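Here is a friendly walk through one protein chain, meant for someone who has not met it before. Take a look at the picture first, and then we can go through it piece by piece.

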Amino acid sequence: MPMNDIWLISALVTAFLGLGLLCLFWGFRKRRYAREINALYEEIVDAAENAAFGKRIGGLQGPPELVELGDTINQLFDALHSKDEQIRQREALFPDLVNTMPEVVVVHRKNIIFANQVAAGLLGMTPEQLTGKPFADIV
């Protein structure tokens, strides 16, 4: 075999080995990236299923775009937690306001969700006894 052919064969073998190693490196890197994304996904699903808007996505490590995504999700959770607190405060004011009114107030769909003292008093019941009853039964 001429010397030129041996050099060509060794260059091709080296190139194929280098290409194979490069493919292995990218494969492992892609797999690690997929695990990091899956871990982020699991944390988001856990927080969403438990309605834990005050929860924070743990210290992400890895590619900067995943860390930035985690920070953005934490900001979103903070905003949702803040809105949730505002809604709870407003909902807490409703019964106080309605119970001071002299009019009958009943909130319902099919069943009674809320009735004030005046509505319950007209029927000889407590508001707690009215809650959950079909509205059609009292009309």
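Let's begin with how much of the chain is tucked away: buried residues make up 14% of the 139 residues. Keep in mind as you read that this is a predicted model.

**Overall shape**

How far does the C-alpha trace of the chain span along its principal axes? The answer is about 110 × 30 × 15 Å. The radius of gyration tells its own story: the chain has 32 Å, while a compact globule of 139 residues would have a value near 14 Å.

On the outside, the chain exposes about 10,700 Å², and 63% of that area is supplied by carbon and sulfur atoms. As for charges, there are 13 positive and 17 negative ones, and their mean positions lie 4 Å apart.

Contacts can also be sorted by how far apart the partners sit in sequence. Among the contacts with a separation of 6 or more, 25% come from residues 24 or more positions apart.

**The parts list**

The chain holds four helices and two strands. If you read along the sequence, they come in the pattern α-α-β-β-α-α. Helix 1 runs over residues 3-49, and helix 2 covers residues 64-99.

Next come the strands. Strand 1 takes in residues 106-108 and strand 2 takes in residues 112-115, and the two pair in the antiparallel sense over three bridges. Together they form a hairpin, with three residues between them. Within this pairing, V107 stands opposite F114 in strand 2.

**Zooming in on helix 1**

Now for a few single residues. E36 lies in helix 1. Is E36 buried or exposed? E36 counts as buried because its relative accessible area is 18%, and the cut-off for buried is under 20%. Leaving aside residues up to four places away in sequence, E36 touches Q61, G62, P63 and L66.

A39 is also a resident of helix 1. A39 has 38% relative accessibility, so it counts as partly exposed. Its C-alpha atom is 10.0 Å from that of G58, a residue 19 places away along the chain.

V45 lies in helix 1 too. With 23% relative accessibility, V45 is another partly exposed residue. Partly exposed is the band between under 20% and over 50%.

**Zooming in on helix 2**

Over in helix 2 we find I73. I73 is buried, because its relative accessibility is 11%. Which residues does I73 touch, not counting those up to four places away in sequence? They are L40, I44 and I57.

V67 is found in helix 2 as well. Here the relative accessible area is 28%, so V67 is partly exposed.

**Distances along and across**

It can be handy to set the spacing in sequence beside the spacing in space. The table does this for four pairs, with distances taken from C-alpha to C-alpha.

| Pair | Apart in sequence | C-alpha distance |
|---|---|---|
| A39 and G58 | 19 residues | 10.0 Å |
| V45 and E68 | 23 residues | 18 Å |
| V67 and S10 | 57 residues | 43 Å |
| I73 and A11 | 62 residues | 49 Å |

**Putting it together**

So what should you take away? Picture a chain of four helices and two strands, with a C-alpha trace spanning about 110 × 30 × 15 Å. Strand 1 and strand 2 make the hairpin. In helix 1, E36 is buried at 18%, and in helix 2, I73 is buried at 11%.

Note on methods:
Residues are numbered from 1 along each chain as its sequence is written. This is a predicted model: local features need pLDDT of at least 70, side-chain atom pairs count only at pLDDT 80 or more; totals for chains, interfaces and linings use all residues. Side-chain values use heavy atoms; hydrogens and water are left out. The radius of gyration is taken over C-alpha atoms; the globule rule is 2.2 Å times the number of residues to the power 0.38. Buried means under 20% relative accessible area, exposed over 50%, partly exposed in between (1.4 Å probe, protein chains only). Contact means heavy atoms within 4.5 Å. Accessible areas come from the Shrake-Rupley method with a 1.4 Å probe; for residues, only the protein chains shown count as cover. Lys and Arg count as positive and Asp and Glu as negative; His and the chain ends are not counted. The place of a charge is taken as NZ of Lys, CZ of Arg, CG of Asp or CD of Glu. Two strands pair if DSSP finds at least two bridges between them.
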